[in-house]
Amino acid sequence: MNQERIYTVLLAPHISEKSAMGAENANQFVFKVALDANKLEIKKAVESIFSVKVASVQVVRSKGKVKRNKFGLAKRSDSKKAYIRLAEGQEIDFSVAE
């Protein structure tokens, strides 16, 4: 996998109450990922960007809702999240200021 693809697989960390509890209790982090990314690509991207060892990857794909507005019907975009469980002793620190 080339360097350009590594940086396009992970879009952003998904910050929510559920993901914060998973990070504290189960050493699990949640990322928004590209729709065409698979588990192997996600694992390689996390390991290379954050220099950690990934134990498992679970992927959730959610379809965008159809909402009504003053112009008629509009569809929200589809999204995909990856739940990354790290190996024992590994940690990702998002608050690193350089």
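Q: What percentage of the 98 residues of the protein count as buried?
A: This is a predicted model, so the answer is computed from its predicted coordinates. A residue counts as buried when its relative accessible area is under 20%. Of the 98 residues of the protein, the share that meets this mark is 29%.

Q: How many of the six residues of strand 2 are buried?
A: Strand 2 covers residues 28–33. The strand is mostly covered, and the number of its residues that are buried is five.

Q: What is the order of the four strands in the open sheet?
A: Let's build it from the pairings. Strand 2 runs antiparallel to strand 6, joined by five bridges. Strand 1 also pairs with strand 2 in the antiparallel sense, over three bridges. With strand 3 included, the open sheet has the order 1-2-6-3.

Q: Why is one side of strand 1 and of strand 3 left without a neighbour in the sheet?
A: The sheet is open, and its order is 1-2-6-3. Strand 1 (10–13) and strand 3 (54–62) each have a single partner strand, so one side of each lacks a neighbour because both stand at the edges.

Q: By how many degrees are neighbouring strands of this sheet turned against each other on average?
A: The pairing in this sheet is antiparallel. The angle here ignores direction, and its average between neighbouring strands is 30°.

Q: Which residue in strand 6 is the bridge partner of phenylalanine 29?
A: Strand 2 (residues 28–33) and strand 6 (residues 79–86) run antiparallel. Across this pairing, lysine 32 has lysine 81 as its bridge partner. For phenylalanine 29, the bridge partner in strand 6 is isoleucine 84.

Q: Which residue in strand 2 does leucine 10 stand opposite?
A: Strand 1 and strand 2 are linked by three bridges in the antiparallel sense. Opposite leucine 10, in strand 2, stands valine 33.

Q: What angle does the direction of helix 2 make with that of strand 2?
A: Helix 2 (residues 17–26) packs on the sheet and touches both strand 2 and strand 6. Its direction, set against that of strand 2, makes an angle of about 140°.

Q: Which strands does helix 3 lie across?
A: Helix 3 spans residues 39–50 and runs at about 125° to strand 3. The strands it lies across are strand 1, strand 2, strand 3 and strand 6.

Q: How far apart do the centres of the positive and negative side chains lie?
A: The protein has 18 positive and 11 negative side chains. The distance between the centres of these two sets is 14 Å.

Conventions
Residues numbered from 1 in each chain as written. Predicted model: local features only at pLDDT ≥ 70, side-chain atom pairs only at ≥ 80, totals over all residues. Heavy atoms only, no water. Pairing = 2+ DSSP bridges. Helix = DSSP H or I, 4+ residues; strand = E, 2+ residues; numbered from the N terminus. Axes fitted to C-alpha atoms, helices over the stretch in contact; angles between N-to-C directions. Contact = heavy atoms within 4.5 Å. Buried < 20%, exposed > 50% of the residue type's maximum accessible area, 1.4 Å probe, protein only. Lys, Arg positive; Asp, Glu negative; His and termini not counted. Charge placed at Lys NZ, Arg CZ, Asp CG, Glu CD.
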